[in-house]
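Trainee: Please take a close look at a single part of this structure, and then set that part in the context of its surroundings.

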Amino acid sequence: MKIIKSIVSDKLLVISFLVTLLTFFVGRPQGKDIDWQTIGSLFMLMVVVQTLQFLGIFKYLAFSLTKKVHDTRLLIGVIVLIAFFSSMLVTNDVGIITLIPLLALSSSKTAIDPIFPVILLCLAANLGSLLTPMGNLQNLFLFIHYNLTIKKFLLMGLPLSLVSLLFLEIMCGTIKPQKIQSLTITMPDLNKKQLVLALGGALFALLSILKFVSLLWGILISVGIACLISRKILQSVDYSILLTFIFCCD
């Protein structure tokens, strides 16, 4: 029911569907017109990211890196770097969702205005994500649809990524350093067995995206691991995005 509600409420999906219906007046869309390789890879990546997010690994890593920082400039700099580099692997939106609460917590311990740090965080997540195929779903679509090699994809985004990183560090340097109280952070409990299983599935999915192993096996293993950990994971996947890509491909 939750999945159906999210699909129906997605305006972009509804528009894409209506545009697809209009194409019937021009020609009849066929299943072969849809890039199922891309759709399958998108679904697999979304399952892997949702599995890791469900286990709390992103929060654990972010909290571990920032809990001993007591200076606002350094803290925001570390958070921005985490957002920049983590978004290359786990998509930009996950990085933002994970780190915004941490910024809010740190802001409550000092008089710093959170607006500028939040802007930097969002910029870092989006600019970092452009470097890799896993950075965002659009990148993955382009990587697979145009049959690019990982080397070619990285080289195209590397100059802009380096300039972006330098820009972000300069912006962080403009923040006035203030001492903050020790952050009281509740570290998420990690189930080591589930974590190892999920990381193994993530590695297999990465190899599948890079075309070292079959995509079908990557999907089956990713979904199987998600079901073993919790069936709620599959319910949290944004299926409206997948349907939007299907209508757009069609």
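Mentor: An axis is here a line fitted to C-alpha atoms, for helices over the stretch in contact, and angles run from 0 to 180 degrees between N-to-C directions. The model is a predicted one, in which local features need pLDDT of at least 70 and side-chain atom pairs count only at pLDDT 80 or more, while totals for chains, interfaces and linings use all residues. Residues are numbered from 1 along each chain as its sequence is written, and side-chain values use heavy atoms, with hydrogens and water left out.

I take helix 7 as the part to examine. It comprises 15 residues, 115-129, which at 1.5 Å a residue should span 21 Å (the expected span being 1.5 Å times one less than the number of residues); its end C-alpha atoms are 21 Å apart, in agreement with that value. Pro117, Leu120, Leu121, Ala124, Ala125, Gly128 and Ser129 are the buried residues of helix 7 (buried is under 20% relative accessible area, exposed over 50%, and partly exposed in between, with a 1.4 Å probe and protein chains only). Viewed down the axis of helix 7, these buried residues fall within an arc of 150°, and so they line one face of the helix (the arc is that of the directions from the helix axis to the C-beta atoms).

A partner of helix 7 is helix 9, residues 150-173: the two pack at an angle of about 165°, with their axes 10 Å apart. Helix 7 is therefore roughly antiparallel to helix 9 (under 35 degrees is roughly parallel, over 145 roughly antiparallel, 65 to 115 roughly perpendicular, and the rest oblique). Their crossing is left-handed (the near helix is turned anticlockwise from the far one by less than a right angle; clockwise would be right-handed). On the helix 7 side, Phe116, Leu120, Leu123, Ala124 and Leu127 meet Ser161, Ser164, Phe167, Leu168, Met171 and Cys172 of helix 9 (contact means heavy atoms within 4.5 Å). Leu120 and Ala124 are among the residues in this interface and also among the buried residues of helix 7.

The wider setting is a chain of 13 helices and zero strands (DSSP runs numbered from the N terminus, helices being H or I over at least four residues and strands E over at least two). Of the 250 residues in the chain, 44% are buried. Where contacts join residues at least 6 apart in sequence, 80% link residues at least 24 apart.

A second helix pair involves helix 3 (residues 36-55) and helix 8 (residues 137-145), whose axes come within 9 Å and cross at roughly 145°. This crossing is right-handed. Gln37, Thr38, Ser41, Leu42, Leu45 and Met46 of helix 3 meet Leu137, Leu140, Phe141, Ile144 and His145 of helix 8. In the loop between helix 8 and helix 9 lies Asn147, a residue other than glycine with a positive phi, near 55°. Asn147 is exposed, at a relative accessible area of 56%.

Further along, helix 10 has 18 residues and should span 26 Å at 1.5 Å a residue; its end C-alpha atoms are 25 Å apart, which agrees. Its buried residues are Leu195, Ala198, Gly201, Ala202, Ala205, Ser208 and Ile209. They cover an arc of only 140° around the axis, and therefore sit on the same side of helix 10. Lys192, Lys193 and Val196 are exposed on the other side of helix 10. Ala198 has a relative accessible area of 5%. Apart from neighbours within four places in sequence, Ala198 contacts Thr51, Leu52, Leu55, Ile225 and Ile229. The C-alpha atoms of Ala198 and Ala226 are separated by 7.8 Å, although the residues are 28 apart along the chain.

The loop between helix 10 and helix 11 (215-229) contains Lys211, whose phi is also positive, near 70°. Lys211 is partly exposed, at 40% relative accessibility. In helix 11, the buried residues are Leu215, Gly218, Ile219, Ser222, Ile225, Ala226 and Ile229. Down the axis of helix 11 they fall within an arc of 140°, so they line one face. Leu216, Trp217 and Leu228 are exposed on the other side of helix 11. The cover over the buried residues of helix 11 includes helix 3, helix 10 and helix 12 (232-235).
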